[in-house]
Structure formats: C-alpha cells, structure tokens
Amino acid sequence: MPGSKEIRGKIKSVQNTRKITKAMEMVAASKMRRAQDRMRAGRPYVRKVRAICAHLSHATPEYVHPFMAKRELKRIGVVVVTTDKGLCGGLNTNILRQAVQTMREWSASGIEIDVTAFGNKGIGFFNRNGGRVVSSLAHLGDAPLHETVIETVRIQLDHYVTGKIDALFIASNEFVNTMKQEPVVRQLLPLPDDHFDDLDPNHNWDYLYEPNAEQVLTELINRYVESLIYQSVAENMACEQSARMVAMKAASDNAKQLIDELQLSYNKARQAAITKELSEIVGGAAAV
C-alpha cells in the first residue's frame, strides 16, 4: 500500500485538477447560455426565408436559379464545421466520423471532393489525412462575424455557379438539447426539395417582381444559403459549449469520487501506521 505522504500528494494533485475542471464548467455554462440564445435567435429567420424562397421559386417556373439546378455529380464541395478547442467530449469525433463516412461513399463512386474546414480540429484532421482543403477558418471566437463566415465559403459557392463543383454539402452538429448534439450532413446546393416540405401544393402563388424575377430570386436565395451556413456555425457553437460543460462536470464529479477513494486509502494507511507505532511501544514496554 502507498505511504501516507504519497497519497497526500495524489489527493492534492487531484484537488488542483478538480478546481480547473470546475472553473471550466462554470465558464462553459456562461458561454453556453449566450451561444444558445444566438442560435435560437437565428432559427425563425431561417424558417421564414426558407418559406419565402419556396413560394417565390415555385411561383416562377420560367426562371430556374443556378442554386436550384441539378447536375450529375462529378466533384462536390463539403463544408465541415468543428471547434477550435477540445475538451468537449466526442463532439468533434462524432461529426468528423460522420463526414468521413459520407465522403468515403462518394469517393467509392468516383466523385472528387473539395473541403472547406471551420475550426482548428477539422483543419488539422484534413491536413493530416490528405483532404483537399480549398478554404478554412480558425479562431472563430465566441461570436463569429457573418461576413467572415460567408467569405470562407464563398469559394465553394463561386465554384458551384461556375460548374467546378456539382453539389455542396455541410457537416455540422445540430443542437437538440444540452445533453444531446446530433451530427448531420445536409445538402446545401442544389437546394433539395425537402427544404420546401412546408409548401402548400394546392396554392397557386402569384407575385409581381420589381425590377425582375431573376434579380429578386438571386438576392433572396443567396441570403437563404448564407443564413443556413451561418446558422450551422451558430448551432455548432451552442453544441460545443453544452458538450464542454457536460464533459467538465463529469470530470469534476470523477475527480471528487477519486478524492474520496484516496482519502479513504489515506485514512487506512494512517491508521495502520498508528497501530504499528502503538504495537512497537507496547512491545518495547513489555520487554522492559
């Protein structure tokens, strides 16, 4: 059994670690609330602009926006959203596993893949594993600017318009609740039909466009795609802080349990030492 001094050193070490994880848990909890508020604030806008896009695009069948034109898949783009820092459980592992599994299926079909990576974890992963990273963004901060996020993906959007890629997907974590974050891979371009499931098929929409349908639809669909991308980043940030808070709480609880076990071992070792000393004293007195 380890000596009392050695056990005291272990207890002190674990206590110091628990102070750190407890502080990180409190910081993550504070950031989580702000990240969740920002994420929830963007959801109504995305839903509304999706409904407007659905109505306008179906009301103008004579004009098909490039973002809605379907092509044979030869090269596709993938936007992968991860975190800059770790200590958030399996959040990054789950989304990277999901993305890689999907990308392998595409590669098996002879499809080439261009990657846009958000976050240090994703950038490092694809650089180590030979991914073709065409753009990336690290150090997003707690509240990334909309312009910065969109500019990072702009190269993929331009490649789709010019025909260099035939589809664009985004892989990110979707916030369900504080305890659950779901990794998903969504199709961004061309806009899939399931984006417009809430469209009423029995309603004949009729609009007057100023100056023209092409200009209005181009501006609106661009806004829609950009809002989807930014919302995915915001969702991932809410997932990150939630996962980090849960992970740090689990680490703090485990540290407390380990401290209790070490304290019990320390008490046993101390009692054994006292008993031994008493036995020696009694034995010495008896010898005299």
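A nonpolar patch, as the word is used here, is made of residues with over 30% relative accessible area and no salt bridge, with nonpolar side chains joined within 5 Å. Keep in mind that what you're looking at is a predicted model. In this model, I274, L278 and I281 make up a nonpolar surface patch of about 290 Å². To find the patch on screen, look for L278 in helix 5.

Stay with helix 5 for a moment, since charged residues turn up there too. R223 pairs with E219 in a salt bridge, and their closest N and O atoms sit 3.4 Å apart. Both residues belong to helix 5 and are four residues apart, which is about one turn of the helix. How open is this pair to the outside? R223 has 44% relative accessibility and counts as partly exposed, and E219, at 46%, is partly exposed as well.

Now follow helix 5 to E235, which reaches a partner in another helix. E235 forms a salt bridge with R43, with 2.8 Å between the closest N and O atoms. This one links distant parts of the chain: E235 sits in helix 5 (residues 213–287) and R43 in helix 1 (residues 4–59), 192 residues apart. Is E235 buried or exposed? Its relative accessible area is 8%, so E235 is buried; the cut-off for buried is under 20%. R43 comes out at 27% relative accessibility, so R43 counts as partly exposed.

Next, leave the helices and head for the strands. R75 and D114 form a salt bridge whose closest N and O atoms are 2.7 Å apart. Because R75 lies in strand 1 (residues 75–81) and D114 in strand 2 (residues 112–118), the pair ties together parts of the chain that are 39 residues apart in sequence. Here, too, the two partners fall in separate classes: D114 has just 2% relative accessibility and counts as buried, while R75, with a relative accessible area of 21%, is partly exposed.

Which residues join R75 and D114 in a network of salt bridges? They are E112 and R132, so click on R75, E112, D114 and R132 together to see the linked group.

Step back, and the pairs we've walked through belong to a longer list: the structure holds 14 salt bridges. Among them are the bridge within helix 5, between R223 and E219, the one from helix 5 to helix 1, between E235 and R43, and the one from strand 1 to strand 2, between R75 and D114.

Notes:
Residues are numbered from 1 along each chain as its sequence is written. This is a predicted model: local features need pLDDT of at least 70, side-chain atom pairs count only at pLDDT 80 or more; totals for chains, interfaces and linings use all residues. Side-chain values use heavy atoms; hydrogens and water are left out. A salt bridge is a side-chain nitrogen of Lys or Arg within 4 Å of a carboxyl oxygen of Asp or Glu. Helices (H or I, at least four residues) and strands (E, at least two) are DSSP runs, numbered from the N terminus. Buried means under 20% relative accessible area, exposed over 50%, partly exposed in between (1.4 Å probe, protein chains only). Patches are made of residues with over 30% relative accessible area and no salt bridge: like charges are joined within 9 Å, nonpolar side chains (Val, Leu, Ile, Met, Phe, Trp, Tyr) within 5 Å. Accessible areas come from the Shrake-Rupley method with a 1.4 Å probe; for residues, only the protein chains shown count as cover.
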